[in-house]
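Mentor: Please look over the sequence and the structure shown below. We shall then go through them by question and answer.

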Amino acid sequence: LDKEDNVYITDPDLGRVIVFDKNGSFKVLWGGIDNSPALGVISGIAIAEDGTVWVTDASNNTLLQFRMPEE
């Protein structure tokens, strides 16, 4: 969850992050085959106090930092 109670989930098989609002309505997604940047197997996610999104990419052994894309 972020400070606005948005829910962030990962789709490990397609390498993407999906965001829903506190009511469960879809907001945005990024990553995956048709989106940039392409991510591998996303195995973890955390939202920092400053709003940045941290994800772990298990297939590339990396920790990546993002800001939520504009809707």
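Trainee: Does V55 count as buried or exposed, and at what relative accessibility?

Mentor: This is a predicted model, in which local features need pLDDT of at least 70, side-chain atom pairs count only at pLDDT 80 or more, and totals for chains, interfaces and linings use all residues. Residues are numbered from 1 along each chain as its sequence is written, and side-chain values use heavy atoms, with hydrogens and water left out. A residue is buried under 20% relative accessible area, exposed over 50% and partly exposed in between (1.4 Å probe, protein chains only). V55 therefore counts as buried, its relative accessibility being 0%.

Trainee: Which residues does V55 touch, leaving out those up to four places away in sequence?

Mentor: V55 has its place in strand 5, where strands (E, at least two residues) are DSSP runs numbered from the N terminus. Contact requires heavy atoms within 4.5 Å. With residues up to four places away in sequence not counted, V55 touches V17, I42, G44, I45, T62, L63, L64 and F66.

Trainee: What separation do the C-alpha atoms of V55 and V17 have?

Mentor: Along the chain, V55 and V17 are 38 residues apart. V17 is nevertheless among the residues that V55 touches. The separation of their C-alpha atoms is 8.7 Å.

Trainee: Which strands each supply at least two residues of the largest nonpolar core?

Mentor: A nonpolar core is a set of buried Ala, Val, Leu, Ile, Met, Phe, Trp, Tyr and Cys residues joined through side-chain atoms within 4.5 Å. The largest one here has ten residues: Y8, V17, V19, V28, W30, L39, I42, V53, V55 and F66. At least two residues of this core come from each of strand 2 (16–20), strand 3 (26–31) and strand 5 (53–57). In soluble globular proteins, nonpolar side chains tend to be buried together.

Trainee: Which residues make up the uncovered face of strand 5?

Mentor: In a regular strand the side chains alternate between the two faces of the sheet. The covered face of strand 5 carries V53, V55 and D57. Its uncovered face has W54 and T56.

Trainee: Which strands stand at the edges of the sheet with the order 4-5-6?

Mentor: Three strands form this open sheet with antiparallel pairing, and two strands pair if DSSP finds at least two bridges between them. Each edge strand has a single partner strand, so one of its sides is left without a neighbour in the sheet. The strands at the edges are strand 4 (42–47) and strand 6 (62–66).

Trainee: How many bridges join strand 5 to strand 6?

Mentor: T56 stands opposite L63 in strand 6. In the hairpin of strand 5 and strand 6, with four residues between the strands, N61 takes a positive phi near 50 degrees. The two strands run antiparallel, and the bridges that join them number five.

Trainee: Which residue of the hairpin of strand 4 and strand 5 takes a positive phi near 90 degrees?

Mentor: Strand 4 and strand 5 also pair in the antiparallel sense, over five bridges, and A46 stands opposite W54 in strand 5. This hairpin has five residues between the strands. The residue with the positive phi near 90 degrees is G51.

Trainee: Which residue of strand 2 stands opposite V7?

Mentor: An open sheet of three strands has the order 1-2-3, with antiparallel pairing. Five bridges join strand 1 to strand 2. Opposite V7, in strand 2, stands F20.

Trainee: Which residue meets D11 in a salt bridge?

Mentor: D11 lies in strand 1 (residues 7–11) and is buried because its relative accessible area is 16%. A salt bridge is a side-chain nitrogen of Lys or Arg within 4 Å of a carboxyl oxygen of Asp or Glu, and by this rule the count comes to one. With an N to O distance of 3.0 Å, the side chain that meets D11 is that of R16.

Trainee: What angle lies between the planes of F20 and F26?

Mentor: Rings of Phe, Tyr and Trp (its six-membered ring) pair if their centres lie within 6.5 Å; planes under 30 degrees apart count as stacked, over 60 as edge-to-face and the rest as tilted. By this rule the count comes to two aromatic pairs. The pair of F20 and F26 is edge-to-face at 6.3 Å centre to centre, and the angle between the planes is 80 degrees.
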